[in-house]
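Me: Please pick one part of this structure and look at it closely. I am in my first year, and I would like short steps that connect to each other.

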Amino acid sequence: MAEIPSLAGLRVLLVEDEEINQLALRTGLERQGIVVTCAGSGEAALAALRAGTFDCVLMDIQMPGMSGLEVTQAIRTQPEFRDCADIPVIALTAFAMSGDRERFLAAGMDDYLAKPFSFDDLSRMLGRIRLARLAFLNAGK
Ligand code: MN
């Protein structure tokens, strides 16, 4: 079995409009030492990205106002987000229909988890991202 890297200290921006989901996810992530910043809307997510630095974004798709797809496209394309344009974005979606994965990837997302998902699934995905980010950062040195 592949070694799962520690997730402690990982800075995650959690974008989720439903408070109960947000609280449950935040609690589970913080239990693993992950540093969680919550945004309750797409607009709040962009404000958080302007103000801070994150290793990964967990992005709800269905939100009032900007959808997760629109937020991701803004991160990938708008000059003001140049510094975080390549940040990993994982879609969190309540609906999993055929073609969704392609649609999310086309919008610039890296991967997705269909709700309900287990914390093990989420941890494995974050672990892969952490390994990939470490390799990326080491390659830049
Ligand atoms: Mn939602």
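Reply: What follows starts at the metal site and then works outward through the parts around it.

Keep in mind that this is a predicted model. Start with the manganese ion. Which protein atoms hold it? The donors are Asp17 (OD), Asp60 (OD) and Gln62 (O), at 2.1 Å from the ion. Look at how these residues are spread along the chain. Their spacing in sequence reads D-x42-D-x1-Q. The two aspartates are thus separated by a stretch of 42 residues, while a single residue stands between the second aspartate and the glutamine.

Now compare two of these donors. Are they buried or exposed? Aspartate 60 has a relative accessible area of 3%, so it counts as buried, the cut-off being under 20%. Glutamine 62 has 48%, so it counts as partly exposed.

Next, find the strand that holds aspartate 60. Strand β3 covers residues 56-60. It belongs to an open sheet of five strands. The order across the sheet is β2-β1-β3-β4-β5, and the pairing is parallel. The edges are β2 (35-39) and β5 (111-114). Each has a single partner strand, so one side of each has no neighbour in the sheet. On average, neighbouring strands are turned by 20 degrees against each other, with direction ignored.

Zoom in on one pair. Strand β1 spans residues 11-15, and it pairs with β3 through four bridges. In that pairing, leucine 13 has valine 57 as its bridge partner in β3. Helix α1 (residues 19-31) packs on the sheet and touches β1, β2, β3 and β4 (89-93). Its direction makes about 165 degrees with that of β2. Helix α3 (residues 68-77) lies across β3 and β4. It runs at about 150 degrees to β3.

Now turn to charged side chains. The model has ten salt bridges. One is inside helix α1. There, the side chains of arginine 26 and glutamate 30 meet at 3.0 Å, N to O. Why is this pair well placed along the helix? The two are four residues apart, which means about one helical turn between them. Both partners are partly exposed: arginine 26 has 27% relative accessibility, and glutamate 30 has 40%.

A second salt bridge reaches further along the chain. Arginine 76 meets aspartate 110, with the closest N and O atoms 3.0 Å apart. Arginine 76 sits in helix α3, and aspartate 110 sits in the loop between α4 (100-106) and β5, so the pair ties together parts 34 residues apart in sequence. Arginine 76 is partly exposed at 23%. Aspartate 110 is partly exposed at 42%.

A third example lies in helix α5 (residues 119-139). Aspartate 121 and arginine 124 form a salt bridge there, at 3.1 Å, N to O. They are three residues apart, about one turn of the helix. Aspartate 121 is partly exposed at 31%, and arginine 124 is partly exposed at 41%.

This brings us back to the metal site. Salt bridges that share partners join Glu16, Asp60 and Lys115 into one network. Asp60 is also one of the donors of the manganese ion. Follow that residue on your screen. It is buried, it holds the ion, and it belongs to the salt-bridge network.

Conventions
Residues are numbered from 1 along each chain as its sequence is written. This is a predicted model: local features need pLDDT of at least 70, side-chain atom pairs count only at pLDDT 80 or more; totals for chains, interfaces and linings use all residues. Side-chain values use heavy atoms; hydrogens and water are left out. Donors are N, O and S atoms within 2.8 Å of the metal (3.2 Å for Na, K and Ca); water is not among the atoms, so sites may look incomplete. Buried means under 20% relative accessible area, exposed over 50%, partly exposed in between (1.4 Å probe, protein chains only). Two strands pair if DSSP finds at least two bridges between them. Axes are lines fitted to C-alpha atoms, for helices over the stretch in contact, and angles run from 0 to 180 degrees between N-to-C directions. Contact means heavy atoms within 4.5 Å. A salt bridge is a side-chain nitrogen of Lys or Arg within 4 Å of a carboxyl oxygen of Asp or Glu.
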